[in-house]
Amino acid sequence: MPNPPATRRPAPPAPPRAPRRAWRSVLLAGLLALLTLGTVYYLRHQVQLNRYARRAWATLTKGGLTGREKTPLLAGYSVHGIDVSAYQGRIDWPEVARHNVRFAFIKASEGATMRDARFARNWREARKAGVLCGAYHYFQPNRDGQIQADLFARTVPLAPGDLPPVLDVEAPNFHDVAVLRREVARWLRLIEAHYGVRPILYSNHSFYKRHLAGHFDDYPLWLAHYEVERPAMPRSKWIIWQHSDEAYVPGIRGVVDFNVFQGNFEALKALRVPPAPAPKKAPAPKPARR
């Protein structure tokens, strides 16, 4: 007998394909969610984001800058100054001094070990150009205040006639605000004892209000507050206002921080490190009795 023809089993049905429109809907919803979140974040932080964008652009185009660009001085103040670090590169200090820069604070150290690579040159050349100088330390909140004070004292040869030392407190990477305040207080106390002059405390407006206000009122305040007509604190609370971190000063290629002192130049000079006390004269020997 002939063999019966083999029966073919029907192929299993293919799994149903997800509708393309469903994937497109999910992708579109995700993109809209990201756009919404990005818009909300930008509206909350637009001032800071715009500033970062402008600084990044200035850095990218630094090769095209000449070092002769100039930002107008802030009206209403007679004493203007800058603060600098290695970030500004090689500075032509005589040129800076010719453009109404009366004072400069120069970064000296950071944390427990870091010395600014250009501090020694900036310190020497700025003073030689006749700019009234001070030095600052960038405080790392998770490092011991005494170790940081020792580093600054070993780095900065403050002398009578220089501006007071400055502690820059703004780094947000800490866990306990009480520890932060304790170590800041230790640095300030040790440095005041070392140089014989009360240090200046620097911070930005939001950080100061949140973490430092009411705890260091005995120290002069240098306040950073940008893109406002005036600081949102009474004039009695601060002595120096850093009103811009993206200014141009001839002699510096790229942006630099711009500051004003609240008083006149004589008032600024009154803050300087005082002269060392004259050594006491030994009493004259009494004549021997005969």
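**Core packing, strand pairing and salt bridges**

Leu31 lies in helix α1, which spans residues 20–60. In this predicted model, Leu31 joins Leu27 and Leu34 in a nonpolar surface patch of about 330 Å². In soluble globular proteins, nonpolar side chains tend to be buried together. The patch formed by Leu27, Leu31 and Leu34 is on the surface; the buried nonpolar residues are described next.

The largest nonpolar core comprises 49 residues, and the members that touch the most others are Ile82, Trp93, Val169 and Val184. The element that gives the most to this core is helix α5 (residues 177–195), which supplies six residues. A second core, separate from the largest one, has 15 residues, among them Phe105, Tyr202, Ala224 and Leu268. The surroundings of Val169 were examined with neighbours within four places in sequence left aside; its contacts are then Phe139, Leu180, Val184, Leu201, Tyr202, Ser203, Phe207 and Leu212. Tyr202, a member of the second core, is thus listed among the contacts of Val169.

Phe139, another contact of Val169, is located in the loop between β4 (132–138) and α4 (145–155). Its relative accessible area is 1%, so Phe139 is classed as buried. When residues up to four places away in sequence are not counted, Phe139 touches Gly145, Gln148, Leu167, Asp168, Val169, Ala171, Leu180, Glu183, Val184 and Trp187. For the pair Phe139 and Trp187, the separation in sequence is 48 residues, while the C-alpha to C-alpha distance is 9.2 Å.

Strand β1 (residues 79–84) is largely enclosed by the rest of the structure, because six of its six residues are buried. In a regular strand the side chains alternate between the two faces of the sheet. In β1 both faces are covered: Val79, Gly81 and Asp83 are buried on one side, and His80, Ile82 and Val84 are buried on the other. Ile82 is also one of the residues with the most contacts to other members of the largest core. Pairing of β1 with strand β9 (residues 256–261) is antiparallel and extends over five bridges; within it, His80 has Val260 of β9 as its bridge partner. Strand β2 (residues 101–110) runs parallel to β1 and is joined to it by five bridges. In this second pairing, Phe105 of β2 stands opposite Asp83. Phe105 also belongs to the second core.

Helix α3 covers residues 119–128 and contains Asn122. The relative accessible area of Asn122 is 1%, so this residue is buried. Residues up to four places away in sequence aside, Asn122 touches Val84, Ser85, Ile91, Trp93 and Ile106. Val84 is one of the buried residues of β1, and Trp93 is one of the most connected members of the largest core, in terms of other members touched. The buried residues of α3 include Asn122 together with Phe119, Arg121, Trp123, Glu125 and Ala126. Their cover includes β1, α2 (93–97), β2, β4 and α4. Just after α3, Gly130 adopts a positive phi of about 90°.

Side chains of opposite charge can pair when their charged atoms come close. The model contains 10 salt bridges. One of them is within α3, between Lys128 and Glu125, with the closest N and O atoms 3.6 Å apart. Lys128 and Glu125 are separated by about one helical turn, because they are three residues apart in α3. Lys128 is exposed, at 62% relative accessibility, whereas Glu125 is buried, with a relative accessible area of 17%. In a further salt bridge, Glu95 pairs with Arg98, and the closest N and O atoms are 2.6 Å apart. At 57% relative accessibility, Arg98 is exposed.

The salt bridge between Glu183 and Arg182 has its closest N and O atoms 2.8 Å apart. Glu183 is buried, at 4% relative accessibility, and it is also among the residues touched by Phe139. Arg182, by contrast, is partly exposed, with a relative accessible area of 47%. Both residues take part in a network of salt bridges that also links Asp144 and Arg186.

Definitions and conventions: Residues numbered from 1 in each chain as written. Predicted model: local features only at pLDDT ≥ 70, side-chain atom pairs only at ≥ 80, totals over all residues. Heavy atoms only, no water. Core = buried A, V, L, I, M, F, W, Y, C linked by side-chain atoms within 4.5 Å. Buried < 20%, exposed > 50% of the residue type's maximum accessible area, 1.4 Å probe, protein only. Helix = DSSP H or I, 4+ residues; strand = E, 2+ residues; numbered from the N terminus. Contact = heavy atoms within 4.5 Å. Patch = residues over 30% accessible without salt bridge, like charges linked within 9 Å, V, L, I, M, F, W, Y side chains within 5 Å. Areas by Shrake-Rupley, 256 points an atom, 1.4 Å probe, with all protein chains shown as cover. Salt bridge = Lys/Arg side-chain N within 4 Å of Asp/Glu carboxyl O. Pairing = 2+ DSSP bridges.
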